[in-house]
Amino acid sequence: MTRHPRGESQGRVAARTTSYTRQRTRPVPSSFDSNTTTFLDQYQDILRTLAQSKALNSGDLSRAFQAISKASCALLRVERSSAWLLSKERDAITLVDLHETSRRRSRPDVVIPFTHCRNYLRALVREPRAVVTARPFHDLRTRDLASAYLLPFDVQSLLSAPIRQKGKLVGVLCAESIGTPRQWTRREEHLIGLLATMATLALEASDRRQIEQALRVAKEAAEVASRAKSEFLAGMSHEIRTPMNAIVGMADLLWETPLTPDQRKYLRIFRRAGGTLLNIINDILDLSKVETGHLELEAIEFDLSEILDKAIDMLAMRAHEKSLELTAHLSPDVPCHLIGDPTRLTQILINLISNALKFTEHGTVEVRVTPDFNRPSTGAILVSVSDTGIGIPPDKLDSIFDSFTQAHVSTTRQYGGTGLGLAITKRLVDRMHGQIWVESIEGTGSTFHCSLLFQTQTTPIQHKVTTSIDLIGVRVLAVDDHPTNRLILRETLTPWGAEVMEASDGKAALEELRSAAEQGQHYELLLLDCRMPSMSGFEVAEQVNTAFNEKRPTIIMLTSDHWADDIARTYDLGLGGYLIKPIRRADLLQSIGIALGRTKGVPVSPQQAVQPSHTTPARTLRVLLVEDSLDNQLLVRAYLKQTDHSLEIAEHGAIAVEKVRATHYDVILMDMHMPVMDGYAATRAIRSWEREHDLPATPIIALTALALKEESVRIFEAGCNTHLTKPVKKSTLLEILQAHKEHLNS
């Protein structure tokens, strides 16, 4: 029980205390009330300075709250301002900044547990603007702060503004009157609320900074992981390609030797399996390069028709093996002289056509290239590849462009492949600012559409004409059961002056020939598909030979493969020649010229005779092979066995450097990854020695198993003249050596 001085009643004590309290809580005179204009100027200047402060938007909470606390002391004319934040567990508030004008006390490490600020926090949650306490020791909202904070710091009055984020209390900004009680005005409540809002902005800036830092860290981690993946793939490429160089090379050499039919069949499978493995390696590396941003596109001039012919030629054999009709139609409206990346366009075409061939067992695969009228540019083209294959289920149409994804669960076992072809194509198309999509009916077939945008050439490439032949007025009958093949023949021959008619089968062709003969309009050229339903091309040719003895048309047989019996039968029937489908414009013109020249005496311009450049004996090359693999040493030796080049071998780079210092070589074949001294170091050492002795640089051809652009850059930086990617083909190596030989003898 509280004791009172003798002679005084409890009521008198209470009255005296009340009187004393009233005396001490008189409003403190403020310059704000005496001069409103001056106050507004100061108010605007301080808030403007704070709002424009770099600290507020820096994301650094310590700097931001220092600026806010300092502005709070200046605006509210208090001796101290403090900023607090709730802990993550919301079980305490922590002092994060304390600004004192007198610097009498400083305890920035104050932490008040929830048990000593429960009522205070609840009041802050309820109060929309500020908790105003002129007598914090007697106010139920702040009384529990007395022992933890108010008494130690002699806080006599407290103005507290809640700091909120997304409507949730996260902290509090306090203006504190030290030593003397103070009555807070409405204007001051408004000011502390504005400052608390700025504290919220500072918190949001801090959150953004943390997110940016997290994203930066994640990006750096992803880049490290990407580099690690690329290095791993590059290493695996080297480890796989090095033995594959020997495997594929030896298989090619074995193919050139006498073999039994069974041996040749087994070796064909062997070579095909090796090619498939290399394609898988290339797909994985391509996907890696696209995903890591290492794939760069070229912008060079090219001829679209040549690119299309090249892609078709590469896949014609695969179509023939499956007895599929592979056709390619290039619309006359498409500009062929373009600027872009022909290598990647070829890759897109091959991927789409290969995919169609893989999933088609019977029927046709048709490639169409037309203008893309949905894009307002003369260089916009639309490539469509249609097949009569297994089709794609509707629920798989959106996922077939994902990596390692195929439409059917059993597809990999039945058809093979990794599911990377379409994924790589999609990424290439995206990089080329194009679009790709698919239409399909399960069990009927699919059509892949690819829209690409190129620039058109201002001055088209001038192509030399391989053959000159006059077809003006020549009547031609194109007979083929496939309408696209007839369309290709008509669009190819009509601009050359020929009059082209069509027939869809042998019976219709014979009727057209008879009808034309009766009207005295004989056909001079018959382009005849070899294998048609109901009546084959050979049956038609036999009837033509029998029925039209005098004005028999020249017949060119269109075959789908290099079948020996078909070719032999063509000559047995006395036909003008044969042409292997898919039909190329240049081949068609050449075949027609030869056939008409043979049977009708139509002159064909002779090819220019090649005159020998010199008659002096050519100098042989002295070649140094730097290679640590015994198998690859044996392979290169076998490649050069039938040439007049001399070959020496160094097992690693250090030996190669010593040999170069002792002996002159015309060409050096340098493997880049070897023990003791690799090809990079050896090449740099050779170039340094040549410069020191003022010697001409020896041509160095790098042999590398890495198919990455970074590898090419390192190779040229080391001093190599060019490079070959393993597995090295015999023909490629001999062509390069021949070029160096001609250069030396010129």
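## A briefing on salt bridges, strands and a helix

Let's start with one pair of residues: Glu100 and Arg80 form a salt bridge, and their closest N and O atoms are 2.5 Å apart. Glu100 belongs to strand β2 (residues 92-100) and Arg80 to strand β1 (residues 80-86), so this pair ties together parts that are 20 residues apart in sequence. Keep in mind that the model is predicted. Below, we look at the chain as a whole, then at its salt bridges, and then at a few strands and a helix.

**The whole chain**

- The protein chain contains 23 helices and 24 strands.
- It has 746 residues, and 47% of them count as buried.
- If you take the contacts between residues at least 6 apart in sequence, 67% of them join residues at least 24 apart.
- The accessible surface of the protein chain is about 38,900 Å², and carbon and sulfur atoms account for 53% of that surface.

**Salt bridges around Arg80**

- Here is the general idea: side chains of opposite charge can pair when their charged atoms come close.
- The count of salt bridges in this model comes to 22.
- Is Arg80 buried or exposed? Arg80 is buried, because its relative accessible area is 1% and the cut-off for buried is under 20%.
- Its partner Glu100 has a relative accessible area of 7%, so Glu100 is buried too.
- Arg80 also meets the side chain of Glu176 in a salt bridge, at 2.6 Å from N to O.
- Glu176 sits in strand β6 (residues 168-178) while Arg80 sits in strand β1, so this salt bridge ties together parts that are 96 residues apart in sequence.
- Like Arg80, Glu176 is buried.

**Other salt bridges**

- Asp139 and Arg141 bring their side chains together in a salt bridge of 2.9 Å, N to O.
- Asp139 is buried, with a relative accessible area of 18%, whereas Arg141, at 26% relative accessibility, counts as partly exposed.
- Elsewhere, salt bridges with shared partners link Glu325, Asp480, Asp529 and Lys581 into one network.

**Strand β15 and its partner**

- How many residues of strand β15 (residues 475-479) are buried? Five of its five residues are buried, and the strand is mostly covered.
- On one side of β15 you find Arg475, Leu477 and Val479, and on the other Val476 and Ala478; they are all buried, and both faces are covered.
- β15 runs parallel to strand β16 (residues 499-503), and five bridges join the two.
- Within this pairing, Ala478 stands opposite Glu502 in β16.

**A closer look at Ser384**

- Ser384 is found in strand β11 (residues 380-387).
- Its relative accessibility is 11%, so Ser384 counts as buried.
- Which side chain makes a polar contact with the side chain of Ser384? That side chain belongs to His449, at 2.8 Å.
- Setting aside neighbours within four places in sequence, Ser384 is in contact with Glu366, Val367 and Arg368, and also with Thr447, Phe448 and His449.

**One face of helix α16**

- In helix α16 (residues 537-547), the buried residues are Gly537, Phe538, Val540, Ala541, Val544 and Asn545.
- Looking down the axis of α16, you would see these buried residues fall within an arc of 155 degrees, which means that they line one face of the helix.

Methods: Residues are numbered from 1 along each chain as its sequence is written. This is a predicted model: local features need pLDDT of at least 70, side-chain atom pairs count only at pLDDT 80 or more; totals for chains, interfaces and linings use all residues. Side-chain values use heavy atoms; hydrogens and water are left out. Helices (H or I, at least four residues) and strands (E, at least two) are DSSP runs, numbered from the N terminus. Buried means under 20% relative accessible area, exposed over 50%, partly exposed in between (1.4 Å probe, protein chains only). A polar contact is a pair of N or O atoms within 3.5 Å; within protein, one must be able to donate a hydrogen and the other to accept it, and residues adjacent in sequence count only if both atoms are side-chain atoms. Contact means heavy atoms within 4.5 Å. The arc is that of the directions from the helix axis to the C-beta atoms. Accessible areas come from the Shrake-Rupley method with a 1.4 Å probe; for residues, only the protein chains shown count as cover. A salt bridge is a side-chain nitrogen of Lys or Arg within 4 Å of a carboxyl oxygen of Asp or Glu. Two strands pair if DSSP finds at least two bridges between them.
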